[in-house]
Each structure stands twice: as C-alpha cells, then as structure tokens.
Amino acid sequence: MGNKHSGRGPLSERCRALAEEIFKEIDVDGSLTIDMEETAKWWSQNFAIVNSRAMFENVDRDRNGAIDFSEWMDFWTMVKHQGYSDDEIFEELTNLKNRGSWVQFIGTQVHAKAKD
C-alpha cells in the first residue's frame with residue numbers, strides 16, 4: 001500500500017475520470033444514482049449480488065439504497081486518504097471497469113451518517 005503518490009491529496013485526474021466513467025456506465029437510467037438492480041445487472045455474471053452488496057456496504061453512506069455521484073467520488077477520495085496510491089486506485093478501478101470483484105479497502109468501511 002502507498003507507493004507512488006499516496007497520501008492525503010486529491011485523486012489524480014486519471015483516477016477521477018475512470019471513476020466517473022464507471023459510475024456513468026453503471027447508471028444506465030441516467031438518474032445520477034446507482035441502485036442494487038443496476039449494479040447487479042452491470043456485474044451480471046461475476047457474483048453480481050455479492051459484489052453489489054459489498055459495494056453498497058462500502059459506498060452508500062446514508063444507507064438509502066442508492067449511491068449518488070457524490071458518495072461514489074467521496075469513497076474513492078477516502079481510499080486515497082487511507083494511504084492508497086494513485087497507481088493502486090487506478091489498478092482497482094481498471095479491474096472494476098472490467099467487471100472484476102469489489103475490493104474491500106482497509107480503513108474504508110463507511111458508517112451510516114447520523115440523521116438530524
């Protein structure tokens with residue numbers, strides 16, 4: 001963990017662009033949110049339900065059953081802030097783009113936001 005460009009800075013442009021591309025690919029209805037049905041269809045044959053549940057556990061901060069674009073990008077920024085390098089993040093995003101399995105990043109388990 002943490003070789004090239006690790007730390008607390010922003011995501012590299014290539015990581016941001018790939019994360020955005022993946023989000024748009026999953027968000028087939030263009031609603032700017034992704035839900036379990038969309039992710040299960042997107043993964044289709046690679047343990048679709050298991051991967052979808054794991055992703056939602058990590059990314060859906062408010063536990064409303066949908067991941068909006070802000071939650072998605074905040075997750076990848078949090079991964080960066082946990083010390084993962086741009087190269088490591090890009091590698092995992094590339095794997096994800098190719099319908100690889102969801103990866104549990106150490107230190108990125110999100111907890112539901114407290115409701116006001």
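Here are four short exercises on side-chain contacts, each with a worked solution.

This is a predicted model, where local features need pLDDT of at least 70, side-chain atom pairs count only at pLDDT 80 or more, and totals for chains, interfaces and linings use all residues. Residues are numbered from 1 along each chain as its sequence is written, and side-chain values use heavy atoms, with hydrogens and water left out.

**Exercise 1.** Work out what arginine 14 touches, not counting residues up to four places away in sequence.

*Solution.* Start with the location: arginine 14 belongs to helix H1, residues 13-26 (helices are DSSP runs of H or I with at least four residues, strands are runs of E with at least two, and both are numbered from the N terminus). Next, check exposure: with a relative accessible area of 40%, arginine 14 is partly exposed (buried is under 20%, exposed over 50%, partly exposed in between, using a 1.4 Å probe and protein chains only). Now list its partners: Asp86, Asp87 and Phe90 (contact means heavy atoms within 4.5 Å). Take aspartate 87 and arginine 14: their side chains share a polar contact of 2.6 Å (a pair of N or O atoms within 3.5 Å; within protein, one must be able to donate a hydrogen and the other to accept it, and residues adjacent in sequence count only if both atoms are side-chain atoms). These two are 73 residues apart along the chain, with C-alpha atoms separated by 9.7 Å. Last comes phenylalanine 90: the charged end of arginine 14 sits over that ring, 4.1 Å from its centre (NZ of Lys or CZ of Arg must be within 6 Å of the ring centre and within 35 degrees of the ring normal).

**Exercise 2.** Trace the salt bridges of lysine 97 with glutamate 21 and glutamate 25.

*Solution.* First, the rule: a side-chain nitrogen of Lys or Arg lies within 4 Å of a carboxyl oxygen of Asp or Glu. The glutamate 21 bridge comes in at 3.1 Å, N to O. It links distant parts of the chain, with glutamate 21 in helix H1 and lysine 97 in helix H5 (residues 86-97), 76 residues apart. For glutamate 25, the closest N and O atoms are 2.4 Å apart. Because lysine 97 lies in helix H5 and glutamate 25 in helix H1, that pair ties together parts 72 residues apart in sequence. Finally, zoom out: Glu21, Glu25, Lys97 and Arg99 are linked in a network of salt bridges, and the whole structure has eight salt bridges.

**Exercise 3.** Is glutamate 71 buried or exposed, and which side chain of opposite charge is nearest?

*Solution.* Place it first: glutamate 71 is in helix H4, residues 69-81. Glutamate 71 is buried yet has no salt bridge, and the nearest oppositely charged side chain, arginine 61, is 4.5 Å away (Lys and Arg count as positive, Asp and Glu as negative; His and the chain ends are not counted).

**Exercise 4.** Classify the ring pair of tryptophan 76 and tryptophan 102.

*Solution.* Two values do the job: a pair of aromatic rings is described by the distance of the centres and the angle of the planes. Rings of Phe, Tyr and Trp (its six-membered ring) pair if their centres lie within 6.5 Å; planes under 30 degrees apart are stacked, over 60 edge-to-face and the rest tilted. A search of the whole structure turns up eight aromatic pairs. Tryptophan 42 and tryptophan 43 form an edge-to-face one, 5.2 Å centre to centre with 70 degrees between the planes. For tryptophan 76 and tryptophan 102, the centres are 5.9 Å apart and the planes at 65 degrees, so this pair is edge-to-face.
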